[in-house]
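The following exchange asks on what grounds each structural term is applied. Each reply sets a computed value against its definition.

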Amino acid sequence: MVGVNPVLRCLMGLEESIVRGDSVRDSLMQWLDLETRKAASGESAAALDREFIKEAMEFLRRSEDVDQTGHPLDVSDLRCRTVYRESLFIILSDGILGNAILPRMRELRTEIEAQLELDLKAHVDSLPLKMLVPLLLFMFPSFLILLLGPITRNFVEALR
Amino acid sequence: MRSVFEIIVLACSLVGLMSAAHLATLLVSDRVVSALEMAKIVTGAFAMTSLSLILIRPRGFFQFWIQVETPLALAIGAAFLLAKYRDRAVEESLDELLSRLMMRMKEGRSLSIALELVTHEMRSSIRLRWIEIARSVSFSPQKNESSLPKSFKLGEILREFRRIDLLSRSQIVELDRWRSRIRTERIFRRRSVQAMAQVRAQSLILATIYTLLALFSVAAFGWNATRGSFQISCPLFLAGLFIIWRGGRRVKWSV
């Protein structure tokens, strides 16, 4: 993955829009519109991005009921893949009801950045072990075959 | 029959050449590649074609066609790669540009004047592109979608500059916020790339060693003796390389 995690991207984009004075729903719609245009322009979206965008669109669709009922959305229905996404949608749901959410969004962003750092560190730490398998099973035998193959062939021909 | 086929191939080549010339003109008119650079690329292509025709006499029509078309196709490909590289370089220089822009604005200049000044200070390979963006921000009479660059990210940069330009106040605050977001994205992108960079560097070194070993084997034992081993070891090596490159990319995100 070379791009930025979509949840972090969404948080940063929403924070900016809300600070400018846009409503929570408008901010989310703008962000989704941007992502859709990015995908349409040919910038390939990872499976993770598409999955999160789907969840966000579902949240947006269901949030239309929030204004009417005045009750926060039951985020568990969205079946978010991670607890961070669920937290984000809970905060946004509160924001749609008119509560101040910027401090909570900033806290969540700090949490997410810390978790992404941990994920990256875990990935880097696991790389040497993961790379050992193709190295031992594929590359090392290929070197042996290349070196020893002609020698073995000459040896067999000499024996004959 | 054969001459009819050759005429059809020639006609298709001519259409291809005209399309390539049109694309090259577009690259120059969009100021992605300067006229001088395009002239150098095309001159280089013609020099390669002439050299190949002098050194290797074509024996038939198709060999002649390949010797003529290949350098031209490579030249157009090189121009597009240069354009792509330039666009990416412009995106990566955004952080630096925003910092300089904010400093100029704090000296008392307006956004459009500061942007004009700062874009002229950027390094030569990306200066033209930035100047084009700066002019689109403030001096374009038709601030509409058609004047946006074709690259999605550059279009977004231009839209954001135009939005901030229209603000009556807090322009520096908005620029600072934008810069903070760019920096966070860049940090995470760089960390992801660095995680893979070490693995890729190791695999490239292994590929180099393998290539040298293959050349040594052919030189020492002859091609006939090495061919069989090569047919088995090469796919095995490439499979290992593929798994390393693909496996290194997949990070398990818990967010």
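Q: How do you know that residue pairs across the interface of chain B and chain A are in polar contact?
A: The rule finds eight such pairs across this interface, both residues at pLDDT 80 or more. A polar contact is a pair of N or O atoms within 3.5 Å; within protein, one must be able to donate a hydrogen and the other to accept it, and residues adjacent in sequence count only if both atoms are side-chain atoms. On the side of chain B that touches chain A, α7 (152-166), α8 (171-221) and α9 (223-249) each supply at least two residues, and α8(B) gives the most, with 22 residues. Helices are DSSP runs (H or I, at least four residues), numbered from the N terminus.

Q: What kind of model is this, and how are its residues and chains labelled?
A: This is a predicted model, in which local features need pLDDT of at least 70 and side-chain atom pairs count only at pLDDT 80 or more, while totals for chains, interfaces and linings use all residues. Residues are numbered from 1 along each chain as its sequence is written, chains are lettered from A in the order in which they are written, and side-chain values use heavy atoms, with hydrogens and water left out.

Q: Why is the pair A:R37 and B:E156 called a salt bridge?
A: The term requires a side-chain nitrogen of Lys or Arg within 4 Å of a carboxyl oxygen of Asp or Glu. The side chains of A:R37 and B:E156 meet at 2.7 Å, N to O, so the pair qualifies. The rule finds two salt bridges across the interface.

Q: What makes up the area buried between chain B and chain A?
A: Buried area is the accessible area (1.4 Å probe) that two parts lose on being put together, summed over both. Here it is about 4,700 Å², 71% of it on carbon and sulfur atoms. In chain B, B:F152, B:W253 and B:V255 lose the most area to chain A, together 19% of what that side buries.

Q: What makes a set of residues a nonpolar core?
A: Its members are buried (under 20% relative accessible area, 1.4 Å probe, protein chains only), and they are Ala, Val, Leu, Ile, Met, Phe, Trp, Tyr and Cys residues joined through side-chain atoms within 4.5 Å. The largest such core has 38 residues, with A:L28, A:L88, A:F89, A:L92 and A:I112 having the most contacts inside it. α1(A) gives the most to this core, with seven residues. Apart from it lies another core, of 26 residues, among them B:V90 and B:L111.

Methods:
Buried means under 20% relative accessible area, exposed over 50%, partly exposed in between (1.4 Å probe, protein chains only).
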